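Open the model in your viewer, keep the sequence panel in sight, and let's take a walk through it, one selection at a time.

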Amino acid sequence: MTVNPQYADLEYGLIGAKLGHSMSPEIHAHLGHYVYDLVELTEDALSDFLTQADFKGMNVTIPYKKAVISFCAQLTDRARAIGSVNTLKRLPDGTLLGDNTDYAGFLAMVHESGLDVRGKKCLVLGSGGASLTVVAVLRDLGAGSVVTISREGVDNYSNLDRHADAALIVNATPVGMSPHCDASPLASLDGFTKLEGVLDLIYNPADTNLMQMARANGLVAVNGLTMLVVQAAEAASLWFDRPVNQAICASLRRELAKKACNLVLIGMPGCGKTTIGKRLAQRLQRPFVDLDAEIEKTTGMSTEVLLTQYGEPHFREIETRVLRQFANQHGLVLATGGGAVVRPENHILMRRNGLIVWIDRPLQSLATTGRPLSQARGVEAIFAEREPLYRGLADRYVPATDVDEAVRIILGEKSCNS
């Protein structure tokens with residue numbers, strides 16, 4: 001083999017078309033002491049890479065899970081049966097072995113959901129390499145029927161009403177993946193009368209629009225983080241001939257989910273979101289974002305001026321636009337304005353990567369100076385309108401009688417009743 005100098009030091013990594021969203025390097029850093037690189041390749045460059053790079057092991061993602069098969073001298077039985085490869089291993093003779101570790105990853109994802117697919121109809125959105133793996137797992141689990149939905153063909157997005165009796169929908173497309181988080185492969189789930197859950201292979205954002213639609217309908221919704229972690233562990237197992245440590249997989253998934261999650265503080269104006277948020281960010285060593293301050297940076301005007309001179313509807317539009325910039329990020333402490341909850345669009349943005357914390361302070365303690373809405377309408381009237389929204393959105397409730405105590409409650413160092 002003639003080794004391209006560009007890839008001379010490459011040993012392990014991930015190839016795909018667009019990899020800016022990938023958590024794989026962080027995952028593999030926890031799984032072993034080896035360097036794991038991201039290698040973005042165009043379709044034209046794929047052949048040269050696979051024939052001129054002397055790597056030891058490589059993961060494969062969209063859109064090359066089928067294309068790499070022709071470069072493999074051997075396939076595992078699992079990869080051959082599925083027709084999709086997401087893991088490559090360099091054999092002693094220099095040739096490539098292709099495996100499908102996504103199978104174990106998606107199987108773990110189904111188990112995590114608690115859904116039983118036996119005898120039930122399942123829809124798989126997308127017809128790429130990931131879709132083939134999903135179909136194989138569902139059939140092996142005894143699904144009654146598995147229907148692949150693609151843009152063209154007999155079963156497509158224009159005739160989904162034929163499958164209103166589906167019990168499970170799996171998104172195996174990249175639609176809704178960061179940075180295009182506002183997209184969804186389906187506009188609604190309302191027509192699926194027997195639907196029990198949605199599994200979305202996307203893990204960034206943590207809560208896709210499709211998943212949020214599922215939860216709004218009282219359905220199970222699981223993202224692809226477990227699948228990502230387990231398939232990575234299976235790949236490392238193949239590369240280094242060692243068993244998968246399930247305990248490490250479970251711990252790593254929890255750690256990654258916690259690290260990526262934004263802490264989004266909601267609550268009445270003057271309840272202490274900014275003060276608590278700054279203290280919380282300091283404790284966690286995370287960036288702090290004050291949404292009202294960011295609005296002022298963006299517009300060059302104070303929120304008070306914006307509200308009094310341009311009105312609340314105009315202000316809310318700006319607020320949503322600024323919130324969208326930060327909702328797609330990770331690991332922030334984000335203090336929202338008191339009225340951010342009044343727009344349904346903002347609910348989707350807050351939940352995208354966020355754990356939502358309701359900071360609740362007694363109404364008589366709320367300051368109204370510099371807050372035109374509170375002065376005009378009164379905090380009691382505003383609270384009566386917003387309290388159901390705060391309660392419905394919140395993942396955690398925190399009484400804010402004391403800043404340090406609130407921070408301790410959010411961090412789990414103290415209970416609300418202790």
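Start by selecting Pro63, which sits in the loop between β3 (57-60) and β4 (74-75). Helices here are DSSP runs of H or I with at least four residues, strands are runs of E with at least two, and both are numbered from the N terminus. Look at the bond that joins Pro63 to Ile62: this peptide bond is cis, with omega about 5 degrees. Before moving on, note that this is a predicted model, in which local features need pLDDT of at least 70 and side-chain atom pairs count only at pLDDT 80 or more, while totals for chains, interfaces and linings use all residues. Residues are numbered from 1 along each chain as its sequence is written, and side-chain values use heavy atoms, with hydrogens and water left out.

Next, go to Pro205, in the loop between β10 (197-200) and α6 (209-216). Here too you will find a cis peptide bond, running from Asn204 to Pro205, with omega near 10 degrees.

Stay with the backbone and select Asp241, in the loop between α7 (225-240) and α8 (246-260). Its phi is near 50 degrees, a positive value in a residue other than glycine. Is Asp241 buried or exposed? Asp241 counts as exposed because its relative accessibility is 64%; buried means under 20% relative accessible area, exposed over 50%, and partly exposed in between, using a 1.4 Å probe and protein chains only. Gln285, in the loop between α9 and β13 (288-290), also has a positive phi, of about 55 degrees, although it is not a glycine. With 75% relative accessibility, Gln285 counts as exposed.

Now turn inward and select Met268, in the loop between β12 (262-266) and α9 (273-284). Met268 has a relative accessibility of 3%, so it counts as buried. Contact means heavy atoms within 4.5 Å; leaving aside neighbours within four places in sequence, the contacts of Met268 include Gly338, Ile359, Leu366, Phe383 and Tyr390.

Ile359 leads you to the next stop, the largest nonpolar core, where Ile359 is among the residues with the most contacts, along with Ile266, Ile276, Met350 and Ile410. A nonpolar core is a set of buried Ala, Val, Leu, Ile, Met, Phe, Trp, Tyr and Cys residues joined through side-chain atoms within 4.5 Å. This core has 46 residues, and its largest share, 6 residues, comes from helix α12 (residues 312-327). A second, separate core has 24 residues, including Cys122, Val124, Ala130 and Leu138. Back in the largest core, select Ile410 and show its contacts beyond four places in sequence: Leu263, Leu265, Ile276, Leu280, Val357, Ile359, Arg396 and Val398.

What about the cysteines? A disulfide is a pair of cysteine sulfur atoms within 2.5 Å, and the count by this rule is 0. Cys122 is buried, with a relative accessible area of 0%. Cys181 is in no disulfide, and the nearest cysteine sulfur, that of Cys261, is 14 Å away. Cys181 is buried as well, at 2% relative accessible area.

For the last stop, select Leu115, Asp116, Val117, Lys120, Ala167, Leu168 and Glu196, which line the largest cavity. On a 1 Å grid over the protein atoms alone, a cavity is a set of points where a 1.4 Å probe fits but cannot get out, and lining residues have an atom within 4 Å of a point. The volume of this cavity is about 30 Å³, meaning the space filled by probe spheres set on the points, which are joined across faces, edges and corners.

Notes:
1 Å grid on protein atoms, 1.4 Å probe; cavity = no way out; pocket = protein on both sides within 12 Å on 5 of 7 lines; lining within 4 Å.
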